[in-house]
Each structure stands twice: as C-alpha cells, then as structure tokens.
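Dear colleague,

Please find the structure below, with the sequence alongside. My notes on what was found in it follow.

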Amino acid sequence: MTKGYKMPKGFLWGGAVAAHQLEGGWDVDGKGVSIADVMTAGRNGVPRKVTDGVKEGEVYPNHWGNDFYHCYPEDDKLFAEMGFKCFRTSIAWTRIFPNGDETTPNEAGLKFYDDLFDDLLSHGIQPVVTLSHFEIPYHLVKAYGGFSNRKMIDFFVRFATVVFDRYKDKVKYWMTFNEINNQTAWSDPHPLLQNSGLQLGADDNWEQAMYQAAHYELVASALAVQAGHAINPDFQIGCMVAMCPIYPLTAKPADVMMAERAMQKRYWFGDVHCLGEYPKWLPKYFERKGFDMDITAADLATLKAGTVDYVGFSYYMSFVTKGRDGDQEYDFKEPDDFVENPYVEKSDWGWQIDPTGLRYAMNWMQDRWHLPQFIVENGFGAYDKKEADGSVHDDYRISYFRDHILAMEEAVALDGVDLIGYTPWGCIDLVSASTGEMAKRYGFIYVDADDNGHGSFDRSKKDSFDWFQQVIASDGEDL
Ligand code: BG6
C-alpha cells in the first residue's frame with residue numbers, strides 16, 4: 001500500500017459521467033434528439049460518423065448507454081457503498097427542451113432529474129451538474145447552425161435558468177460547458193460538433209468559426225453564472241476545461257516559445273471564464289489572421305460580470321510540441337504540431353500517461369487563475385476481462401489512479417493548491433465519447449454490455465471498486 005496525504009475535511013470524493021454516455025432512453029418521456037444521438041459507433045482508430053438524422057440500419061450506442069435511465073437506483077446504492085460524497089452528471093438538454101427553442105420545458109424530463117437527485121441525496125451524495133456536455137439539441141444544429149448563431153445564447157440561458165430554478169435546493173455545484181477548449185482541435189469535425197453544434201463544409205473557415213462559437217458560449221456561460229447567482233447566491237458555478245499541459249520537446253528556445261503559444265491557444269478559454277477578459281495576444285491573432293469577429297462592448301462587459309467561482313477540469317494526459325524552423329509566428333495548430341513524449345507510457349488508445357503533469361497543471365492553474373479547483377474527470381480507459389467467476393482484475397487502473405491521486409495530493413499538501421474534490425471519469429462503465437465503444441472501459445463498476453448493446457446490462461464490482469472505497473474511507477491516505 002502507498003501512503004498518501006489526507007485530504008481536507010469536506011473534500012468531495014465521487015465519480016463523474018455525462019447523461020448521453022450512460023442514460024440511454026434516448027427517445028422516452030418526451031426527450032428530443034441530441035447531437036450524440038446521430039453519432040454512430042466507431043472503434044479504436046476508427047472515427048464515429050455523424051449521420052443526417054437517425055438512420056435505419058446504423059448503430060447509435062448513445063441510444064442505450066448503460067441504461068442508467070432505468071438502473072440508477074441500483075447504481076446509486078453502489079456509489080454510496082464506495083463512499084461517494086458527490087456524483088457529477090449532466091442534465092440532457094433535450095430532456096428539458098426537446099428541440100431547444102421551445103419556451104415551455106418538458107415536465108417529464110424535469111421530473112427524471114428530480115427523482116435522480118432525490119435518490120442521490122437520500123444516500124448522502126450531492127449531485128454536481130454540467131449544463132452542456134456534448135448534448136446540444138440536434139434541432140438547434142440543423143435549424144440555427146449551433147453556436148455559430150448568436151441566438152443560441154438565449155436558448156442556453158433559458159435552459160440554464162429553468163434547471164437552476166428547479167434544482168436550486170438540490171444542487172450546489174454547477175459547470176457550464178464541458179471541455180469548452182477541446183474544440184481547438186478544429187481540424188477534426190467531432191470536437192467542433194460536440195462542443196458547439198457546428199457542421200461545416202470544406203470551404204468554411206473552421207478556425208474562425210471555432211473562435212466565434214466559443215465567444216458566444218463564453219457569453220452564454222457568463223450570463224448563466226449571473227442568472228444562477230441571482231437564483232441562489234450559494235451556488236458555485238464553474239467552468240470546465242480539458243487540461244492537457246503542453247511541454248516543449250527540448251530546451252531549444254523555439255520549442256519553448258511554441259509550447260507557450262500552444263498553452264495560450266488551449267487555455268485562453270479559461271482566461272475569459274476566470275479573469276473575465278480576453279488575453280492580449282488573442283485580438284492580435286484575430287487581426288493577423290483577418291478574422292472578422294462579432295464581439296461587442298456589451299459582450300465584454302458581460303464576460304467581466306460573469307466570471308466563474310471555480311475551475312472544473314478533466315485531466316487524462318499531457319502533450320508535447322516543438323517549434324518549426326524559421327517560423328516566427330508560432331501559430332501552433334492542434335493536432336498537427338503534437339509530437340510524442342519519449343519519457344511516458346501510453347494507453348491502448350495512445351493517451352500519454354503522466355501523473356506529474358497533473359501536479360504541474362494544478363500549480364500552473366493556481367498561479368494563473370487564483371481560483372479553487374475541482375478535478376471533475378480523470379481515469380484510465382482500458383480493455384477489461386471479466387473472469388468466469390464475474391471478477392475483473394483491473395490492477396492497471398488501480399495503478400493509474402494511485403499515481404494520479406498521489407500527484408493530486410502532493411499538489412494540495414505540498415504546493416497549497418485549493419482543491420474542492422475529485423470525481424474519476426466513468427465511475428461505472430459507459431459509452432466512450434470519442435469512439436462510441438463500450439469496450440473502452442473506465443469504471444469501478446463493470447456493466448455487462450458490448451459495443452452493439454448486447455448483454456444483460458448487469459452490474460458487478462471490479463477490483464478497483466474495493467480499492468477506491470478504501471481510498472475514500474481513509475480520506476486519501478491509503479492508496
Ligand atoms: C472527456 C469527456 O473528453 O473525456 C468525456 O468529457 C469523455 O465525455 C472522456 O468520455 C473520456 O474520453 P473517451 O473518448 O475515452 O470517452
């Protein structure tokens with residue numbers, strides 16, 4: 001056993017999921033079609049397709065997820081047995097507003113989350129809620145072009161206000177847009193669709209479209225923060241960034257400058273969320289690129305007035321980049337400018353495993369944004385083998401968590417980082433966001449279902465279940 005550091009009293013140990021990846025029940029009780037519902041199954045190395053609506057004969061894994069919509073009472077009991085203090089999930093926008101542009105919410109959708117939150121609370125588990133986790137109503141994509149359209153701000157704020165008001169006595173911790181900065185990988189269509197609901201053609205200027213959509217999202221987030229605080233001043237409303245620190249490959253000055261620019265391009269979203277203003281380099285960049293942006297003075301005032309209360313972030317891996325010979329502009333482009341890190345191992349999906357990067361990132365964010373932090377995702381996607389007796393010996397997962405939790409505890413105990421909690425991703429097996437696979441498993445709890453939705457959907461405990469239970473019981477000391 002490794003000895004860790006005790007986390008402070010009230011630390012929120014828990015687990016994290018997103019509605020579309022586990023609920024299933026994609027068309028029940030008045031739910032509308034979301035962008036996740038038109039994404040087919042991919043595989044390791046084979047991207048998911050996005051179809052024009054739901055098509056006969058295609059496989060859509062988010063339609064069934066792990067059937068949490070029907071199984072949550074049993075799952076909540078298992079979370080409680082592990083000792084969870086909180087459970088992060090999202091509210092599927094299309095359960096509340098099936099098309100996204102209605103003015104009256106769907107009562108059956110609201111009731112589902114009332115029941116879920118009541119059940120969690122009855123076990124002493126507080127819900128932590130993401131408003132938009134890759135679940136934009138498909139109608140808003142088709143009819144409005146997603147967040148390329150300023151009207152989306154109103155639709156989002158209406159949705160946020162309805163759920164803030166409804167759950168004001170049940171939920172304290174909220175986040176606005178999941179991994180808002182993932183869409184910097186704008187050469188790949190999925191992050192842009194998943195984050196912003198954008199479907200672009202070959203002739204469109206994708207990069208400009210990404211910055212414009214992100215701007216509208218940041219304004220929507222700032223308005224939601226203000227609306228939430230007006231409804232309940234005790235609300236803690238955070239942002240959510242995908243934190244993957246980007247290192248220079250060597251000490252060569254051009255590599256160091258490229259890494260700096262890479263960090264600026266990936267984390268300016270956090271600057272706006274946390275500091276309420278655009279960093280100085282970005283308007284210069286827009287100018288140099290000739291981007292004609294719709295950013296008004298009123299928007300800038302809104303951003304300043306709607307800064308977040310904490311930094312929610314995911315951490316899975318770090319990246320490495322290097323400078324280009326003779327290039328003075330350092331226009332880092334993701335993913336083309338990434339190179340391999342020779343010092344770290346990778347998962348079966350090529351994700352670089354770097355626990356020290358978590359401690360580094362926590363220090364970097366503390367120094368830059370001066371806000372409490374909440375690790376709302378961290379975990380290890382792996383192929384698990386279920387033995388004949390039902391057991392799953394996932395020592396590789398335990399080892400990943402042990403190293404990352406220790407790095408997190410060092411950041412708190414030795415470096416003074418202010419951390420609210422830690423919710424490992426996919427605490428129960430669910431559908432992978434990037435590949436649509438069930439085979440890329442993250443859970444402490446095994447779900448008997450395959451990539452095509454076949455199986456009993458029965459739940460069972462992996463070895464990591466008992467291990468994480470002991471971590472929580474010891475407040476992080478027994479790793
Ligand atoms: C984050 C997302 O990117 O990473 C989750 O917020 C996602 O939705 C998680 O599931 C792990 O990624 P993947 O592609 O392995 O499911």
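**Notes on the model**

Just after helix 14, Asp475 has a positive phi of about 55 degrees. Please keep in mind throughout that this is a predicted model.

Helix 14 itself covers residues 463–473, and its buried residues are Ser464, Phe465, Trp467, Phe468, Val471 and Ile472. Viewed down the helix axis, these buried residues fall within an arc of 165 degrees, so they line one face of helix 14. In general, an α-helix has 3.6 residues a turn, so residues three or four places apart point the same way. The cover over the buried residues of helix 14 includes three strands from the C-terminal part of the numbering, namely strand 13 (419–422), strand 14 (445–447) and strand 15 (459–461). Strand 1 (12–16), helix 2 (68–82) and helix 13 (395–413) are also among the elements that cover them.

Helix 2 deserves its own paragraph. How far apart are its end C-alpha atoms? For 15 residues, a straight helix at 1.5 Å a residue would reach 21 Å, but the ends of helix 2 are only 18 Å apart. Helix 2 also bends by about 45 degrees at Glu74. Its buried residues are Phe68, Tyr69, Cys71, Tyr72, Asp75, Asp76, Leu78, Phe79 and Met82; Asp75 and Asp76 are thus on the buried list. Just after helix 2 comes Gly83, with a positive phi of about 100 degrees.

Ahead of helix 2, the loop that connects it with helix 1 (19–22) contains Gly45. Is Gly45 buried or exposed? Its relative accessibility is 73%, so Gly45 counts as exposed. In sequence Gly45 and Thr435 are 390 residues apart, yet their C-alpha atoms are 8.0 Å apart in space.

Next, the sheets. A closed barrel of 8 strands runs in the order 1-2-3-4-5-7-12-13, and its pairing is parallel. On average, neighbouring strands of this sheet are turned by 30 degrees against each other, direction ignored.

Some pairs within the barrel, in order:

- Strand 2 (residues 86–90) pairs with strand 3 in the parallel sense over 5 bridges, and Thr89 has Val129 of strand 3 as its bridge partner.
- Strand 3 and strand 4 run parallel and are joined by 4 bridges; Thr130 stands opposite Met175 in strand 4.
- Strand 5 (residues 236–242) and strand 7 (residues 310–314) form a parallel pair over 5 bridges, with Tyr310 of strand 7 as the bridge partner of Gly238.

Strand 3 (residues 126–132) is mostly covered, with 6 of its 7 residues buried.

The other sheet to note is an open one of 3 strands, in the order 6-8-9 and with mixed pairing. Strand 6 (246–248) and strand 9 (338–339) are its edge strands, each pairing on one side only. Strand 6 runs parallel to strand 8 (residues 319–321), with 3 bridges between them; Tyr247 stands opposite Val320 in strand 8. Helix 9 packs on this open sheet, where it touches strand 6 and strand 8, and its direction makes about 170 degrees with that of strand 6.

Helix 9 (residues 253–275) also has a place on the barrel side: it lies across strand 4 (173–177), strand 5 and strand 7. Its direction there is about 170 degrees to strand 5.

Regards

Key: Residues numbered from 1 in each chain as written. Predicted model: local features only at pLDDT ≥ 70, side-chain atom pairs only at ≥ 80, totals over all residues. Heavy atoms only, no water. Buried < 20%, exposed > 50% of the residue type's maximum accessible area, 1.4 Å probe, protein only. Helix = DSSP H or I, 4+ residues; strand = E, 2+ residues; numbered from the N terminus. Arc of directions from axis to C-beta. Contact = heavy atoms within 4.5 Å. Expected span 1.5 Å × (residues − 1). Bend = angle between axes of the 7 residues up to and from the residue. Pairing = 2+ DSSP bridges. Axes fitted to C-alpha atoms, helices over the stretch in contact; angles between N-to-C directions.
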